[in-house]
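Hi,

Here is the model I said I'd pass on. Have a look at it first, and my notes follow underneath.

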Amino acid sequence: MTTQSIFKGLLRPVLVSAVFFMLLTGLAYPAFTTVAAQLLFPYQASGSLIERDGLVIGSALIGQNFTKPEYFQGRPSMTLGADPQDPSKSVSQPYNAGSSGASNLGPTSQKLLDQVAARAKAYRQDNGLPADAPVPVDAVTASASGLDPHISVANARLQLARVARLRHIPEADLLQLLNDHTAARTLGLLGEPRVNVLQLNLALDAHQPSIAVSE
Amino acid sequence: MLSTLLEFALVLGLMTGLAVLMGKWLTRVFTGTGHALPERFTYRLLGINPLETMGWARYGSALLLSNAAMMLLGYIVLRLQALMPINPLGLAAQTPDLAFNTAASFITNTNWQAYSGETSLSNFSQMAVITFLMFVGATSGVVAAAGFIRGLSRSSSADIGNFWVDFTRTLYRVMLPLCVAMALVYVWQGMPQTFASQALATTLEGAQQQLIVGAVASFESIKHIGTNGGGFFSMNAAHPFENPTPLTNILHILSMLLIPSALTYTFGSMLLQRRQGWVFFGTFLVMFIGFLALVYGAEQTGNPLLTQAGANQTLSIEQSGGNMEGKELRFGIADSSLFIATTTAATTGSVNAMHDSLTPMGGFVPLAQMMLNCVFGGDGVGFINLIQYALLTVFLVGMMIGRSPEFLGKKIEAREMKLVMLSVLAHPISILGFTALAALWPDTMASLNNLGPHGFSEVLYAYTSGTANNGSAFAGLNANTPFFNTTIGLAMLIGRFFTMLPMLAVAGSLAMKKTVPAGAGTIPTATPLFMLLVVFVVLVVGGLTFLPALALGPLVEQLQLLSGQTYN
């Protein structure tokens, strides 16, 4: 076969295919899917947004930064945001959903180990644990997305006494609320048992709205 | 523990069943004679004759040139992003080296991302460049496998099919319908699919939260079915919008394995040698299970230094335990490990956990699988890579027992072995050569996020991922520099085309040969023994080449971890 016959007539299909398939797969396909998705599942397709009193307070799937002790607290988050003083610099801004991020620190990083030790110390203080008590690993390690909406059951139970005390709710009632907001493995096999922190805290506020307002 | 084992068994069982269904379907796509109406329309538009038959050189040229045109088109749009529509956040264009890297990355099915999706790409670019290139890159891989298998199945013929017909059919009959259906399942599970770019929220504590949204579900479905792997968001399939539930996680995993595993069945069907197809499927599976066990064991055991710092990593009914740094709670250790093993086996490169934060032996698994590059492998190319090792096995075994090597009834001669060796060697030369260059490059230290052996692993991982067309990263490395963008971009192109084109030439060469009946001296290749031989050759030839580099990275890091050595 000659070189000429190998390339003969290829120019047009090469050029046309690039443009045509871009229009088809790059525009028609996502446009069609979007229209279908908005018709079938409008809530999910728009980001599973939760409204309270007519105000969007977040997405059911995305974690939020909780710092007040009367709320259950999520996992450490390493997301960054622009420094308000100098927008060209990045500073720590936990649960910044505009820029997902992780520590990417390796297992022998001293920085990582220092962070974990500091978080463990703070966690024990906040929750009245002995100084040498081991802390659930998810409470002292940063998630992959920086937006992890969940904590482990172990982690939630250790925070229970604190929240119950600050909110003046009997621990048994709070345990019931916690159990109601604990998701099991899908089909008993997939994923891990977990607690969605935002939804649990929303339920807390609904349970006792006065606290949320007064704080 | 029991539920984990059951889950792994369930996934492998489903994968096997789907491989048969998809394998049968692909066989019909590759061998059918009819042309549907949209296909005939497309042929007229492209100005091609669907009845034309192509030799390997013309088939390969059409693939190479069309990929080049698509890559160029993607590059142009990225450079002109600021002028394009659907850019409400006003994002600027990518720099020339970054746009080259991005376009090369997505046309080669790598999906390495030196940029961050939320802050660097408009919704228009996410669709018209990224989604587009994900479709055509993956389809090109499947089409290469179609031509390759056809070449193996023919005798005394120069014809390995018609590239345009294979491409159009694979796109219309496999990729598009599957992706639309899967995208809608994904939306049902919670992935956004909207033309809006953001939603603003006021959190419970009164802070402002900017939620980035877009055409995420349509992006995710082709990303995994096409073994592409690039993320809509910076943190990829760890982001709750890209992977909201354990169910979507398993669907991602099954999607990634779908076409690579099915092609072994398609091969068996098209050659009328089902048993041979299953032997190749088994070869993939044996290696995969070994690597999965290794990564799961390492991550569940956790990091002893975290225990010293106060973390409780014990598995219990209330927590998954293990090394949770850089992992999402809904996936825990089991689903993260399964994803890690799958994404680097099927060279997808999406991540649901940060590989940079894996334990040393956990991080060894993705590196090793990408170095071998044939544990399932990417759409189409994984199968081609496996056949390359099968040819090598036949040759080595033939030499050892003094018989002339044959494969599928064809004599394997000097020309085929030269092409196979070109393909086998291009992979380590690109990985090790570029890593060596980067290790000497003065600015590399500034890009590292970790020091010590882990820092070396970050660089080694980058070129391994690029060359293997995987795209996952030890993401602490700041790879958005002109040096890394250019060299990793080149590694991706070398890794893609220096494997695909020589192996198409092998298929073309085998298609020309006469089939000789099996004699007493023929080594049977459809047996468990041959399967183990191939695994052995893959590990020895593919693995040993990289052992010195692995020793400098994860292996020494593991020893240092056990002795408590840390780095600032």
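I'll begin where the two chains pair up. Strand E5 of chain A (residues 135–136) and strand E3 of chain B (residues 311–312) run parallel and are joined by two bridges. If you want to find the spot on screen, go to A:Pro136, whose bridge partner in E3(B) is B:Asn312. Do keep in mind that this is a predicted model.

Now for the contact between the chains as a whole. Chain A puts 96 residues into it, and chain B puts in 111. On the side of chain B that touches chain A, helix H3 of chain B (residues 56–79) gives the largest share, with nine residues. Sorted by class, that side of chain B has 58 nonpolar residues, along with 41 polar and 12 charged ones.

The other thing to look at is a sheet in chain A. It is open and has three strands in the order E6-E8-E7, with antiparallel pairing. At the edges sit strand E6 (150–151) and strand E7 (182–183) of chain A, each of which pairs on one side only. E7(A) is tied to strand E8 of chain A (residues 194–196) by two bridges, the two strands running antiparallel. Here A:Thr182 is the residue to click on: A:Val195 in E8(A) stands opposite. Helix H8 of chain A (residues 197–207) packs on this sheet and touches both E6 and E8 of chain A. The direction of helix H8 makes about 60° with that of E8(A).

That's what I have so far. Shout if anything is unclear.

Cheers

Terms used
Residues are numbered from 1 along each chain as its sequence is written. Chains are lettered from A and ligands numbered from 1 in the order in which they are written. This is a predicted model: local features need pLDDT of at least 70, side-chain atom pairs count only at pLDDT 80 or more; totals for chains, interfaces and linings use all residues. Two residues are in contact if their C-beta atoms, placed from the backbone, lie within 7 Å. Helices (H or I, at least four residues) and strands (E, at least two) are DSSP runs, numbered from the N terminus. Ala, Val, Leu, Ile, Met, Phe, Trp, Tyr, Cys and Pro count as nonpolar, Asp, Glu, Lys and Arg as charged, and the others, Gly among them, as polar. Two strands pair if DSSP finds at least two bridges between them. Axes are lines fitted to C-alpha atoms, for helices over the stretch in contact, and angles run from 0 to 180 degrees between N-to-C directions.
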